[in-house]
There are 2 protein chains.
Amino acid sequence: MTYKQAGVDIDAADEFVRRIRSLVERTTSPRVMGNYGGFAGLFRLDYNERLFKRNYREPVLAAATDGVGTKLLVALAADRLDTVGIDLVAMNVNDLVCCGAEPLFFLDYIAAGKLSPKRLSEVVKGISDGCVTAGCALLGGETAEMPGLYEPKDFDLAGFALGVVERKRVIDGRNARPGDVAVAIGSDGPHSNGYGLARKVLLDKGGYSLDDRPPELEGASVGEELLRPTRIYVRAVLDVLAQYKVKRVVRAMAHITGGGLPGNLPRVIPEGLTVRVKRQSWTPQPIFRLIAETGNVDEIEMMRVFNMGVGFVLIVAPDFVRPVMNRLRRAGERCWVLGKVRRGGPELEWA
Amino acid sequence: MTYKQAGVDIDAADEFVRRIRSLVERTTSPRVMGNYGGFAGLFRLDYNERLFKRNYREPVLAAATDGVGTKLLVALAADRLDTVGIDLVAMNVNDLVCCGAEPLFFLDYIAAGKLSPKRLSEVVKGISDGCVTAGCALLGGETAEMPGLYEPKDFDLAGFALGVVERKRVIDGRNARPGDVAVAIGSDGPHSNGYGLARKVLLDKGGYSLDDRPPELEGASVGEELLRPTRIYVRAVLDVLAQYKVKRVVRAMAHITGGGLPGNLPRVIPEGLTVRVKRQSWTPQPIFRLIAETGNVDEIEMMRVFNMGVGFVLIVAPDFVRPVMNRLRRAGERCWVLGKVRRGGPELEWA
């Protein structure tokens, strides 16, 4: 008996590696060191050469790992595989920038029932797109064929992002104070959270198919709305931080993921403070209303499960709200004043 | 409808986090920074405080990602969950040290059909054990509940390890030359590779159960041999490297994983060189013989799929073979002269 007869196809693995080569190379930077034997990806933290010069005094490494949850099951059902990779990168790099870190590189883990070079390279296409948007190198990855754990067409994804921030510029919320302003950046939909509930409500209970275009969605299909990729906030946020290298203008930041605003915003500001959120300052996308109405989900539960249209929040010193928002808009983001920091907590207040 | 009714159990997630807290804390170091909001794990690369003092001139970051492959299916079948975490750490950190990097921290991704705090904390116990052995901090992790992708009791694991190496001390094989000596360090069995074939041969074709104790295994059961954790070579290897900070004594290193010696050893030495391997210099463990005989797998195929008893190889300057081997032995490793570097290649030569 041979390995191939036992179901492990090394030729498919080789073809996959050939297919993704250019997708990896387009994310690279001069700080990525050659593939020495390839047991590990190597990345120069300091870089003294001209252009791309980087030096850190007291570098703090920031690391995050995440998957895309059951959004993957929607992508598999729709056989639309080129966007979940963007979600994968986004979920990780948006977490990284919350502490002020600049993402340097990303690694992916793909486990599949059957290694289909064509389908899985579509996934890597999305990962590569996400890395380009986030400005980080796709430094490595692992693709595992695991029949018996996954159905032949199924796969799972995990991502790992590494970033760096000067120790003195770590953003940890400790400078937040009453009167600071919460600036929201808009999301593009549910991003990668709440799909357990969204699928149950829309696909099971509501009986919608992914191709349905209910009038509530104003022309879009259920699948389109559910598969819209997670926005990557890295460039906009780093742009703001680069403007205020000395002053502590941005006091805290939160990526709004599972748990929604109530689960993510309070944890980045010190005890004894809360944010009074102006509920009328924005309108959630139609997909959220469709989920709430179809599933008879109350508003408090919706807020706890979904981002409800708020993808990211910056807590900003009051005098700098206008220039920060201008800069976010110039970077292409929708943003607005979400509320104000005040004494109280730990729960958010609603106005 | 609520999130819980949709099948996502936040209470179980909270219980899991409580259970693993001490497992995470025992791996920590003063270089791990507090949990600021927790969107990312923070780790100080340079550390100027007394004790643990670390400074890097030109730090190169090394990163690896890997899973444990279908060894997981053996662990699930045996319901023995506390060792695959060691494999997960080992597969990653052994890759890292090949370039001379010292592992700093590790992150894990666990995806399960149902989040069982008790079962999954056994997995984290193994991950924590592995991190302690490798001397790295368990800096973060993600645990995802994904019914619909995994059966309730099934789960998958992915790991990410980050290390650092001074640029001038990156080990990349370029200094290897004819006459250098390949020193083997013993494995503890198949480690985490070749399980597609091992399972097919022993469990399907051979009809063995995991509890069977065939005489060939000299008292051990099939399950025990298949679940023996991957050895972690980090401390032994770093011990050797610490001895020779200036001289280029260790020219190249290879972690023997999927592809075996023929797949892993040639890729760490320059083109035009090969290693002549003395096939009689060691005896593979009985489990390998049992697989070969039960499955009628020829020796070449066995060598290409399994480590066959060789877990790690160092290419060492000839004058330093004895002191290097002494040091490895003092660190608790079995080691021997496996062969010699000579002109030729790219295939290994066998003697």
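**Exercise 1.** How are helix 3 of chain A and helix 7 of chain A oriented to each other: roughly parallel or roughly antiparallel?

*Solution.* The model is predicted.
- Step 1. Two packed helices are described by the angle between their axes and the distance between the axes.
- Step 2. Helix 3 (residues 84–97) and helix 7 (residues 234–243) of chain A pack at about 15°, and their axes are 10 Å apart.
- Step 3. Angles under 35 degrees count as roughly parallel.
- Step 4. Helix 3 of chain A and helix 7 of chain A are therefore roughly parallel.
- Step 5. The crossing of helix 3 of chain A past helix 7 of chain A is left-handed. On the helix 3 side, the contact is made by V93(A), N94(A) and V97(A). Helix 7 of chain A supplies V234(A), V237(A) and L238(A).
- Step 6. Sort the residues of this contact: five are nonpolar, one is polar and none is charged.

**Exercise 2.** Describe how helix 3 of chain A packs against helix 4 of chain A.

*Solution.*
- Step 1. Take the axes. Those of helix 3 and helix 4 of chain A come within 6 Å and cross at roughly 40°.
- Step 2. Helix 3 of chain A is therefore oblique to helix 4 of chain A.
- Step 3. Add the handedness. Helix 3 of chain A passes helix 4 of chain A in a right-handed crossing.
- Step 4. List the residues. From helix 3 of chain A come G85(A), I86(A), L88(A), V89(A) and V93(A). They meet V123(A), G126(A), I127(A), D129(A), G130(A), C131(A) and A134(A) of helix 4 of chain A.
- Step 5. Sort them. The contact of helix 3 with helix 4 of chain A has eight nonpolar residues, three polar and one charged.

**Exercise 3.** Which residues of helix 7 of chain A are buried, and what do they pack against?

*Solution.*
- Step 1. Buried means under 20% relative accessible area. In helix 7 of chain A, V234(A), A236(A), V237(A), V240(A) and L241(A) are buried.
- Step 2. Find their helical partners. The buried residues of helix 7 pack against helix 3, helix 4 (117–134) and helix 11 (321–330) of chain A, among others.
- Step 3. Add the strands. Strand 4 (102–112), strand 8 (250–255) and strand 10 (310–316) of chain A also pack against these buried residues.

**Exercise 4.** Place P178(A), R334(A) and R21(A) in the fold, and classify the exposure of each.

*Solution.*
- Step 1. P178(A) lies in the loop between strand 6 (155–166) and strand 7 (181–186) of chain A. Its relative accessible area is 36%, so P178(A) is partly exposed.
- Step 2. Look for remote partners. P178(A) and R342(A) are 164 residues apart along the chain, yet their C-alpha atoms are separated by 4.4 Å. Beyond four places in sequence, P178(A) touches L273(A), V341(A), R342(A) and R343(A).
- Step 3. R334(A) sits in the loop between helix 11 and strand 11 (335–343) of chain A. Its relative accessibility is 47%, so R334(A) counts as partly exposed.
- Step 4. The C-alpha atoms of R334(A) and A184(A), 150 residues apart along the chain, are separated by 8.3 Å. Among the contacts of R334(A) outside four places in sequence are A184(A), I185(A) and Q285(A).
- Step 5. R21(A) belongs to helix 1 (residues 10–25) of chain A. At 55% relative accessibility, R21(A) counts as exposed. From R21(A) to S121(A), 100 residues apart in sequence, the C-alpha distance is 9.7 Å.

**Exercise 5.** What rotation superposes chain B on chain A?

*Solution.*
- Step 1. A rotation of 180° with 0.0 Å of shift along its axis superposes the chains, with an RMSD of 0.0 Å.
- Step 2. The two copies are thus related as by a two-fold rotation axis.
- Step 3. Check the surface. Of the contact residues of chain B, 100% recur in chain A, so the same surface serves both copies.

Note on methods
Residues numbered from 1 in each chain as written. Chains lettered and ligands numbered in written order. Predicted model: local features only at pLDDT ≥ 70, side-chain atom pairs only at ≥ 80, totals over all residues. Heavy atoms only, no water. Axes fitted to C-alpha atoms, helices over the stretch in contact; angles between N-to-C directions. Helix = DSSP H or I, 4+ residues; strand = E, 2+ residues; numbered from the N terminus. Parallel < 35°, antiparallel > 145°, perpendicular 65-115°, else oblique. Left-handed = near helix turned anticlockwise from the far one by under 90°. Contact = heavy atoms within 4.5 Å. Nonpolar A, V, L, I, M, F, W, Y, C, P; charged D, E, K, R; others polar. Least-squares fit on C-alpha atoms with pLDDT ≥ 70 in both. Buried < 20%, exposed > 50% of the residue type's maximum accessible area, 1.4 Å probe, protein only.
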